[in-house]
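Trainee: Could you take me through one part of this model in detail? I'd like to see how a single helix sits among the strands around it.

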Amino acid sequence: MENLHIWSIAFVLLSFTFQDGLSRRHVRRNPDGKIVGGSETTIENAPYQVYLLLQKGTEYYQCGGSIISRRYILTAAHCVQGIQRIYVRAGSTDADNGGTNYVTTTYIQHPLYNARTLDYDVAVIRLRRNMNIDGTTTKIISLAASNTAIANGTDVYVTGWGATSENGETTSTLMGLNVPVIPNSDCRRSYSSLTDRMFCAGVPEGGKDSCQGDSGGPAVSTSSGQQLGIVSFGVGCARPGYPGVYTNIAAVRDWIWISSGV
Ligand code: ARG
């Protein structure tokens, strides 16, 4: 009942502030977008994915996240920067309706998160109550083990409700995309400041990428089913020569364990 009330207020506010909040976010953060060149999917194909609505004063931001336990959501540190309240929607293909809602104010950013370089772009969100996990529309994702290298030729499945073109609109229907991981030695040509806490994924000709609003969402190995990355940043979206950059979970795995017990 209390939750319902909070959500109805949130959505009334939303209808006025959502666009504004999103475009401001584009400007203040980095010029990039949501899933580009992917296709519509359903939550059953990515039941670990959640939609996050993040409140900072009267502004709202959108991000993705993944279910790592009944209590914890994994996301990007830049998503929760300065955020006062987080609304989570789990178990729904539609960003605006359905599934189950959770509200929380508790999260931890990686202490080494650097807002300028986006190094250590990882955070955990703690819910006030355990999530319903039904195994079909909601599922816990297993994370890559500490310090494991990503094999050459690995494909990741990236999902989210972010923009479908650079500077485009976000979608209410979940989108998904398969992209190959690019070795860091190659990706450094595009991003000279790439660190070991990051990896890149994309195709040389561009056209396939995550984008604004996808941040914090999961990149899952299509072969092992483990989450390898978190949508972090890029120059624009889906530009040739500028793949998407993801937080490398294997490099921050120990911190996730210390912070969440997962
Ligand atoms: N930082 C963006 C966000 O907050 C996500 C950027 C992903 N960009 C990319 N080209 N892969 O939603």
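**A helix and its strands**

Mentor: Let's come at the helix from the hairpin of E12 and E13, bearing in mind that this is a predicted model. Five residues lie between those two strands, and Gly225 in that hairpin has a positive phi near 75 degrees. E12 (residues 218-221) pairs with E13 in the antiparallel sense, over three bridges, and Ala219 has Gly229 of E13 as its bridge partner. Now stay on Gly229, because it also stands opposite Asn248 in E14. That brings in the next pairing: E13 and E14 run antiparallel and are joined by four bridges, with Ile230 opposite Thr247 of E14. Thr247 is also the bridge partner of Met198, which takes us to E11 (residues 198-201), antiparallel to E14 and joined to it by four bridges.

How covered are these strands? Seven of the seven residues of E13 are buried, so E13 is largely enclosed by the rest of the structure. E14 is mostly covered too, with five of its five residues buried.

Now for the helix itself, H4 (residues 249-260). The distance between its end C-alpha atoms is only 14 Å, where a straight helix of 12 residues would span 16 Å. Its buried residues are Ile249, Ala250, Ala251, Val252, Ile256 and Ser259. What do they pack against? The buried residues of H4 pack against E13 (227-233) and E14 (244-248), and also against E4 (72-75), E7 (106-109) and E8 (123-126). After H4 comes Gly261, with a positive phi near 75 degrees.

Methods
Residues numbered from 1 in each chain as written. Predicted model: local features only at pLDDT ≥ 70, side-chain atom pairs only at ≥ 80, totals over all residues. Expected span 1.5 Å × (residues − 1). Buried ≥ 20, exposed ≤ 12 C-beta atoms within 10 Å, placed from the backbone. Contact = placed C-beta atoms within 7 Å. Pairing = 2+ DSSP bridges.
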